[in-house]
Amino acid sequence: MKRVQERAGQRAVGESVIIQTAVRLMLPFIQLFGLYVIVHGHYSPGGGFQGGVILGASFILTAVAFDLKTSLRRLSERVDTVLGNVGALIFVGTGVLCALLGGLFLDYSALANVIPLDPVEWRSLGIFIVEVGVGLAVMSIMASLYWDLSSRGELDEGL
Amino acid sequence: MKALALLATLVTGAILLYGTQDFAPWGDPDSPPNRNVSPTYITEAVHETHVPNIVTAVVADYRSYDTMFETVVIYCAGLVVVSVLRRRQKS
């Protein structure tokens, strides 16, 4: 009990042990739901944009409930930049690859020339690849937008 | 400068409004998009792409060019905010 009181004394203004515990418990489920929305876009409402925003919101929630440092420990600045670029590159790269392989730009059935699958199956798979790219890009850019705008680009304390 | 910006906005807006004159009537089942494009998507999407969700098939396959540039727009937003605001951290 005494330790709890001591730790409560060190806590900064606006930090609440209730909110932090709730956020810590909710985070895995939010991220799992984000992945589900991305992956299940073929069968239900959802897709890369929506799932990416949910994943990005989980990191923003960490930054709001704890502080920016905790958020940056979960997803570092470098990894975030790499993921954003890789996500956009996956989408554009898939399109260019299709064009180089003799199809039209973003005509995923041309990928059947590399891995022999049914061209129709490749169109389904191509949609999935592209959605994953969109999800990665949107997730990291949502997180980095919040980090930069909330801390004036310093990435130190935030709100 | 402000007056010039206002003028440019008004002229662009007027041109866009003028462009809507040529749109097909809203909700008309006999307009060209409703007669040709939509039925094709509805009848062909599932066996052409094997995606049960037609919206996903349209967004990420038939109209993937549009979706690609939506991603690029978001990417540019992130890029601009990072390049304008972020300062090199002392580590």
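**Aromatic pairs in this model**

Phe105(A), Tyr65(B) and Phe69(B) come together as one aromatic cluster. Keep in mind that the model you're looking at is predicted. Across all chains, the count of aromatic pairs comes to 4. Here's a look at two of them, with a note on where each ring sits.

**A pair between chains**

- Phe105(A) and Tyr65(B) make an edge-to-face pair, with ring centres 6.0 Å apart and 85° between the planes.
- This pair joins two chains, because Phe105(A) belongs to chain A, in the loop between helix H5 (77–100) and helix H6 (119–150), while Tyr65(B) belongs to helix H4 (residues 64–85) of chain B.
- As for exposure, Phe105(A) has a relative accessible area of 33%, so Phe105(A) counts as partly exposed.
- Its partner Tyr65(B) is exposed, at 51% relative accessibility, because the cut-off for exposed is over 50%.

**A pair within chain B**

- Tyr41(B) and Tyr62(B) also pair up: their ring centres are 4.7 Å apart and the planes sit at 35°, so this pair is tilted.
- The two rings link distant parts of the chain, 21 residues apart: Tyr41(B) is in helix H2 (residues 32–49) of chain B, and Tyr62(B) is in helix H3 (residues 54–62) of chain B.
- Is Tyr41(B) buried or exposed? With 16% relative accessibility, Tyr41(B) is buried, because anything under 20% counts that way.
- Tyr62(B), on the other hand, is partly exposed, with a relative accessible area of 25%.

Notes: Residues are numbered from 1 along each chain as its sequence is written. Chains are lettered from A and ligands numbered from 1 in the order in which they are written. This is a predicted model: local features need pLDDT of at least 70, side-chain atom pairs count only at pLDDT 80 or more; totals for chains, interfaces and linings use all residues. Side-chain values use heavy atoms; hydrogens and water are left out. Rings of Phe, Tyr and Trp (its six-membered ring) pair if their centres lie within 6.5 Å; planes under 30 degrees apart count as stacked, over 60 as edge-to-face and the rest as tilted. Helices (H or I, at least four residues) and strands (E, at least two) are DSSP runs, numbered from the N terminus. Buried means under 20% relative accessible area, exposed over 50%, partly exposed in between (1.4 Å probe, protein chains only).
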